[in-house]
Amino acid sequence: MPREQDELMRRGIGMTSQRTRERLIQRLYEEGLSNAHVLETIRRTPRHLFVDEALAHRAYEDTALPIGHNQTISQPYMVARMTELLLAAGPLDKVLEIGTGSGYQTAILAQLVERVFSVERIQVLQDKAKERLAVLNLRNVVFRWGDGWEGWPALAPYNGIIVTAAAADVPQALLDQLAPGGRLVIPVGAGDVQQLMLIVREEQGFTRHVLDAVRFVPLLNGPLA
Ligand code: SAH
C-alpha cells in the first residue's frame, strides 16, 4: 500500500471513508440483506464512533470488535439481519433492546422505530453509549442500567424486543412483555454457537422460528457497576 494511504489508514481516515462504507453495504446486500431502510441506515451511521480510536480503521469491516469488559460490538451483518427480522412485519413504535453495549445497534434502531428502550448491565458501557447517541442527536432512546433477564416491565408492552447477547433459555419476562403481534429476536443457546430465534406473540400463544446459527457473548445475570 502506498505510504501516504498507509498514513491515512493509520489515522482512521481511509477506512472510515464513504467508499469503505459503500463496500460494506454492497457486501451486506450480496449476502441477502434486502431491507433498503436498514441498509441505508447502516450506510449513514458512523460505526467508527462506536469503537475505540485504535480500532476505528476496522469499523467498516463486517466483523465484531472488542469494546472492553469482555464485550463486543456486533457484526454489521448481524445488526442488519436482526433489525430486518424485527421490522419484517411493518414499522414498530416501541422497541426494547437488551444489551446496549457500544450503542451501535441502538443507534440503528433509533433511526428506524419511534422509541427505543435499552437495558445494559455494565454501567460504564451504557454511559459511553449514551454520549455517542447524544453526539449523533438521536433523542428517542431511554436507557436503563439493569438485568435484561427481567426486561423493563414498567414500560411494557413492546412491539419489538431485540436481545444482543445469547440467552441459555428464552427469558419468560421478555415473552410476557411482548404486545400482541409483537416480535422478539434473540440468540438462544448455552454453547459457543447459538440459534437465532424469532418469536411472535399471537392472539393465543407464540410462534417460534429457529433461524441462523450465530455466535454471541452470553446474556449474564444481574446488573454490574
Ligand atoms: N448491541 C451491542 C452488543 C453488545 S455485546 C453492540 O453492538 O455494541 C452484548 C451486551 O449485552 C454487552 O454489553 C453485555 O454487557 C450485555 N449484557 C449481557 N448480559 C446482560 C444482562 N443480563 N442484562 C443486560 N445486558 C446484558
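Ala, Val, Leu, Ile, Met, Phe, Trp, Tyr, Cys and Pro count here as nonpolar, Asp, Glu, Lys and Arg as charged, and the others as polar. Keep that split in mind for the cavity described next. The model is predicted.

A search of the whole structure turns up one cavity of 30 Å³ or more. The space in this largest cavity is about 60 Å³. Its lining consists of Phe50, Val51, Asp52, Pro66, Ile67, Ser102, Leu125, Lys128 and Arg132. Five of these lining residues are nonpolar, one is polar and three are charged. Strand E1 (65-68) and helix H6 (123-135) each supply at least two of them. H6 gives the most, with three residues.

Phe50 leads on to the aromatic contacts. The structure has three aromatic pairs. In one of them, Phe50 meets Tyr104 edge-to-face, at 5.6 Å centre to centre and with 70 degrees between the planes. Phe50 sits in the loop between helix H3 (36-44) and E1, while Tyr104 belongs to helix H5 (residues 104-110), so the pair ties together parts that are 54 residues apart in sequence. Phe50 and Tyr104 are both buried. Tyr104 has a charged partner too: Arg47 lies over the face of its ring, at 5.5 Å from the ring centre.

Now turn to a second group of rings. Phe117, Trp152 and Tyr158 are linked into a cluster by ring pairs. Here a lysine takes part. Lys94 lies over the face of Tyr158, at 5.2 Å from the ring centre.

Notes:
Residues numbered from 1 in each chain as written. Predicted model: local features only at pLDDT ≥ 70, side-chain atom pairs only at ≥ 80, totals over all residues. Heavy atoms only, no water. 1 Å grid on protein atoms, 1.4 Å probe; cavity = no way out; pocket = protein on both sides within 12 Å on 5 of 7 lines; lining within 4 Å. Points joined across faces, edges and corners; volume = space filled by probe spheres on them. Helix = DSSP H or I, 4+ residues; strand = E, 2+ residues; numbered from the N terminus. Phe/Tyr/Trp six-rings, centres within 6.5 Å; stacked < 30°, edge-to-face > 60°. Buried < 20%, exposed > 50% of the residue type's maximum accessible area, 1.4 Å probe, protein only. Lys NZ or Arg CZ within 6 Å of the ring centre and 35° of its normal.
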